[in-house]
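Could you walk me through this model in my viewer, one selection at a time? I would like to know what to pick next and what I will find there.

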Amino acid sequence: MACVETSSSRPYHLVIFGASGFTGQFVVEEVARTVSEGPNGNLKWAVAGRSKQKLEKVLEQAAGVLSKPELRTEVDIIVADIEEPDTLAAMCKQAVIVLNCVGPYRFFGEPVIKACVENGAHHIDISGEPQFLESMQLNYDSQAAEKGVYIIGSCGFDSIPADMGVLYTRDQFKGTLTAVESFLTVGSGPDGACIHDGTWQSAIYGFSDSQKLQTLRRKFNHKPLPTVGAKLKRRGNLFFSNEIQQYTLPFMGSDPSVVKRTQRFLVEEHEATPVQYGAYAGVGGLGSVVKLIFAGMMFWLLVKFSFGRNLLIKYPEFFSFGFFSKAGPTRKQMESSSFQFAFYGQGYSEDQDPSQGKPDAKIRTLVQGPECGYVATPIAMVQAALTILNECKALPKKGGVYTPGAAFAKTTLINRLNKHGIQFSVI
Ligand SMILES: NC(=O)c1ccc[n+]([C@@H]2O[C@H](COP(=O)([O-])OP(=O)(O)OC[C@H]3O[C@@H](n4cnc5c(N)ncnc54)[C@H](OP(=O)(O)O)[C@@H]3O)[C@@H](O)[C@H]2O)c1
């Protein structure tokens with residue numbers, strides 16, 4: 001089944017699992033919006049989750065927001081619960097692709113991937129949890145390859161803009177690109193912005209367990225990736241970035257891990273030149289730095305103990321200065337928020353040998369888009385799914401567990417994103 005066509009005989013091309021979650025509801029809206037566009041008009045889709053009533057409510061809400069009353073009656077509901085493997089199997093048998101929005105993935109992700117692999121459904125998630133993503137690669141890559149199933153993780157804001165942004169920068173560079181640094185800035189309107197509790201919980205459990213990631217990585221037995229060209233220097237833990245004119249720190253999310261896995265795949269499968277990568281995120285001015293140091297210290301202190309983790313989980317607003325909340329952002333906040341990734345690449349022009357001397361050429365690119373978590377993430381997830389459906393011949397030959405960059409390097413995903421509000425450009 002390595003190559004999927006939109007003419008699959010399964011009842012649904014797309015099944016959104018966890019459709020009743022905070023993020024899931026926006027994925028439902030994005031699917032509803034996108035499948036009414038010309039070429040996708042014949043796609044069949046369903047929502048899935050553990051509560052039929054909640055799923056009905058989500059469809060009701062989407063019908064109102066999008067002025068599409070037919071969503072109430074025309075979209076099927078599948079009841080499936082992580083705790084009941086038979087229901088997951090039944091869901092996966094009906095889907096060409098499962099869009100999995102049930103997180104934290106470290107607790108809920110594996111049974112869904114297992115069911116997808118065993119029942120021949122492709123799987124896309126929006127996890128930003130390296131430990132989950134890498135352990136799924138370790139445990140399911142060969143089974144997924146045997147079954148011709150694509151398991152593609154981190155297809156949301158984590159880490160499509162960063163991973164595809166590095167590939168875009170490489171492809172636009174005239175010569176051999178050897179290193180890229182990205183600087184993320186996030187903008188919000190007068191009402192501010194925040195992130196829903198689901199991501200806060202994923203972060204808490206991820207940080208509390210971070211030592212296990214090193215043990216997991218040793219199991220891959222990977223040789224270090226070769227360094228081509230001048231070695232990219234790591235910046236400090238907090239510095240003023242001239243690139244984005246604000247205080248900046250290393251990006252704590254999954255982007256560096258995902259980009260590195262993509263680069264390894266491209267080196268091993270396509271003998272590409274590896275691109276070194278450093279990811280940074282802007283914090284703002286001095287006031288924000290003080291808040292961040294204070295919140296960061298509290299977080300590190302509390303996250304180590306179960307009592308502390310319970311406190312963090314109970315009071316996200318308090319411990320994150322309102323940056324995370326149980327209610328999540330309002331639609332108004334989301335409408336006025338945006339992100340921008342600035343990529344600074346360096347390398348060797350066409351007539352230069354990357355193994356000799358200093359880089360002699362630079363490039364600057366941008367990936368920018370709407371609010372990260374609940375606008376850009378559904379766009380990225382849905383476009384990733386449509387790419388699997390429509391461009392199966394451009395995916396890697398075998399199924400397997402892939403990063404977005406590894407899966408989509410040869411597809412038109414970037415063009416698709418450009419058309420849907422996540423824009424890639426060269427400065
Ligand atoms: N990559 C990104 O940029 C990005 C952006 C946004 C979110 N995320 C990730 O997406 C995940 C979800 O976040 P969220 O804020 O949407 O969380 P959420 O609102 O808590 O949603 C969790 C979903 O999981 C479902 N669920 C929980 N236990 C289940 C079970 N036993 N069986 C079936 N479904 C179950 C919930 O169902 P009920 O509704 O029935 O409780 C709900 O639909 C998190 O891991 C978050 O980090 C990533």
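Start by colouring the two domains of this predicted model: their centres, taken over C-alpha atoms, lie 24 Å apart. For the selections, use 12–157 + 374–421 for domain 1 and 160–372 for domain 2, as the domain assignment gives them.

Next, bring up the boundary. Here 33 residues of domain 1 are in contact with 35 residues of domain 2. On the domain 1 side, H1, helix H6 (130–147), H15, helix H16 (404–408) and helix H17 (413–419) each supply at least two residues. Colour that side by class and you will find 18 nonpolar, 12 polar and three charged residues.

Now select the ligand and its surroundings, a shell of 30 residues. Gly21, Thr23, Gly103, Gly156 and Gly198 are the closest. Each domain, domain 1 and domain 2, contributes at least three residues to the shell. Show the helices too: H1 (22–35), H5 (105–119), H8 (197–208) and H15 (372–390) each provide at least two shell residues. By class, the shell holds 16 polar, nine nonpolar and five charged residues.

For the last stop, pick strand S7, residues 176–187. Is S7 mostly covered or mostly open? Mostly covered: 10 of its 12 residues are buried. Add strand S13 (338–348), which pairs with S7 in the antiparallel sense over 11 bridges; there, Thr185 has Gln340 as its bridge partner. Then add strand S11 (276–284), which pairs with S7 in the parallel sense over six bridges. Label Phe183 and you will see Tyr280 of S11 opposite.

Definitions and conventions. Residues numbered from 1 in each chain as written. Predicted model: local features only at pLDDT ≥ 70, side-chain atom pairs only at ≥ 80, totals over all residues. Near = placed C-beta within 6 Å. Helix = DSSP H or I, 4+ residues; strand = E, 2+ residues; numbered from the N terminus. Nonpolar A, V, L, I, M, F, W, Y, C, P; charged D, E, K, R; others polar. Domains from an automatic or database assignment. Buried ≥ 20, exposed ≤ 12 C-beta atoms within 10 Å, placed from the backbone. Pairing = 2+ DSSP bridges. Contact = placed C-beta atoms within 7 Å.
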